[in-house]
Amino acid sequence: MDVLIAGAGPVGLAAANVLADAGVAVTVLESEPRLPENLRASTFQPPTLDMLAKLGAARRLIEMGRVAPKVQYRDRAGWLAEFDFGAIADQTAHPFRVQCEQYKLNQVLAARLMHFPHARLEYSSEVTAVEQDERSVTVTAGARKVKGAWLIGADGGRSRVREALGIALGGFTWPERFLVASTPFDFAAVLPNLCDVSYFADPVEWFFLLRVRDVWRVMFPTRPEESDEEVLSDEVIEARLQRVFKKAGRYRIEHRTLYSVHQRVAETYRKGRVFLAGDAAHLNNPLGGMGMNGGIHDAFNLAEKLAAVIKEGKPVAELARYERQRRPIALEYVNTITIANKRNLETRDPQEQRRWRDEMTRTASDSRLAREYLLKISMLASLRKAAAAE
Ligand SMILES: Cc1cc2nc3c(=O)[nH]c(=O)nc-3n(C[C@H](O)[C@H](O)[C@H](O)COP(=O)(O)OP(=O)(O)OC[C@H]3O[C@@H](n4cnc5c(N)ncnc54)[C@H](O)[C@@H]3O)c2cc1C
């Protein structure tokens, strides 16, 4: 029987490719009629690139995206702390981030999957119910029932699989939503020493500048009382961009997205023969680029374990390590770091502002501290911690 995967996002497709590579029959059930092309995450961290390289996908991301060797923290007054991933070049084959739209990875992984005779990707197949016994799991997908040996729920933040299993998603949702606007305007030409990934602290309205191949993506928090219509209007986006850099004439806006931001982790990642991975298992704010990356790390961890059980006869008990390794990372590591990132950028307390800026300046100027910091923000440290957990 196949391993079933609900959801053809980056997590479901990465897991499917790892399983297919190991010779495991796999069926991916995707609710949409084709791969969605919406703008969501765009940061690929060094260890994620190391993993995706095994699928030949890191090279494709580098070709389609932009290599970002540095990250900066700044403020409007000119303070700047910069970190260069080159300092961890002995720990990763990819000492940089790659900035590329996540749907492009999905296209690469889906095309690769189609080369395996034992892999299937079925569109317009929304999973709506899950039943299981000791030997198998059966999902309802549209009008049919599909039976498999195991199921991975990689069906995103509103996971039907998670709902069908009755697993609660503990945590909270921030009152403000985040707006992302893309523009071809070249901020690097006007903001001195700007690198491709820059977080700007500001007590009135922080922002985050990130360059993908052809455009800059600018992220802002919005105020809870602002309506969708207001936030997404040309005038309001223009005013926000003019605060980033005041220029003559209007900004050309190519895309705009507004979304709710959560800090939530599922109470368990497994029930019987069903596992949760990626956004179905954990959600966090995007400051630090850890959500999709953490999900891809889940996918590799789980798919490698499933392949070892199915193909190498490893004991089924091995699968219990997935939750023990990955859930604490989402709770103690990704959640903690992304919440701290948001607080540091938005704080209005002058003492807190000074403390954080001093700490970042000291960290950036001390090679040992900078290296430790880079291991943390690149997520290499989280993977080591997970590997050490039995
Ligand atoms: C609007 C938005 C903007 C975002 N922007 C950023 C950002 O700027 N930076 C950042 O780091 N992260 C961002 N994220 C988060 C990031 O996109 C996710 O962490 C990442 O997509 C997780 O991948 P996934 O495969 O777990 O889930 P998804 O990418 O959500 O994939 C789930 C897939 O499952 C399918 N599906 C859903 N329900 C079912 C079902 N019942 N049956 C079958 N298939 C189903 C969906 O169609 C989808 O293809 C954003 C998320 C959203 C929603």
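Start by selecting Leu-19 and showing what it touches: beyond its neighbours within four places in sequence, you'll find Val-3, Ile-5, Val-24, Val-26, Ile-152, Ala-303, Leu-306 and Ala-307 in contact with it. Keep in mind as you click around that this is a predicted model.

Now widen the selection. Leu-19 belongs to the largest nonpolar core, a set of 76 residues, and is among those with the most contacts inside it, along with Ile-5, Phe-44, Leu-52 and Ile-152. Colour helix α8, residues 291-312, while you're here: with 9 residues, this helix supplies the largest share of the core. As background, nonpolar side chains in soluble globular proteins tend to be buried together.

There's another core to pick out, apart from that one. Try Tyr-199, Val-215, Leu-375 and Ile-377, which are among its 31 residues.

Next stop, the ligand. Which residues come closest to the ligand? Select Val-11, Glu-30, Gln-102, Val-127 and Asp-279, the closest of the 27 that surround it. Colour that shell by residue type and you get 11 nonpolar, 9 polar and 7 charged residues.

For the polar contacts, zoom in on three spots:

- Gln-102: a polar side-chain atom sits 2.9 Å from an oxygen atom of the ligand.
- Ser-31: one of its backbone N or O atoms is 3.1 Å from a ligand nitrogen atom.
- Pro-10: a polar backbone atom is 3.4 Å from an oxygen atom of the ligand.

Switch on a surface, and how much of the ligand is covered? On its own the ligand has 1000 Å² of accessible area, and the protein covers 84% of that. Back in cartoon view, look for α1 (10-21), β18 (255-259) and α8, the elements that each give two or more residues to the ligand's shell.

From Gln-102, step along to Asn-106, which lies in helix α4, residues 102-113. Is Asn-106 buried or exposed? Its relative accessible area is 5%, so Asn-106 counts as buried. Not counting residues up to four places away in sequence, Asn-106 touches Ala-8, Gly-9, Pro-10, Leu-13 and Leu-35. Pull up Gln-91 too: Asn-106 is 15 residues from it in sequence, yet their C-alpha atoms are 26 Å apart.

Last stop: Val-231, in helix α6, residues 228-232. Val-231 is buried because its relative accessible area is 0%. Measure C-alpha to C-alpha to Leu-179 and you should get 7.6 Å, although 52 residues separate the two in sequence. Leu-179 is also one of the contacts of Val-231, together with Thr-222, Glu-226, Val-236, Ile-237, Arg-240 and Leu-258, leaving aside neighbours within four places in sequence.

Key. Residues numbered from 1 in each chain as written. Predicted model: local features only at pLDDT ≥ 70, side-chain atom pairs only at ≥ 80, totals over all residues. Heavy atoms only, no water. Core = buried A, V, L, I, M, F, W, Y, C linked by side-chain atoms within 4.5 Å. Buried < 20%, exposed > 50% of the residue type's maximum accessible area, 1.4 Å probe, protein only. Helix = DSSP H or I, 4+ residues; strand = E, 2+ residues; numbered from the N terminus. Contact = heavy atoms within 4.5 Å. Near = heavy atom within 4 Å. Polar contact = N/O pair within 3.5 Å; in protein donor to acceptor, adjacent residues only side chain to side chain. Areas by Shrake-Rupley, 256 points an atom, 1.4 Å probe, with all protein chains shown as cover. Nonpolar A, V, L, I, M, F, W, Y, C, P; charged D, E, K, R; others polar.
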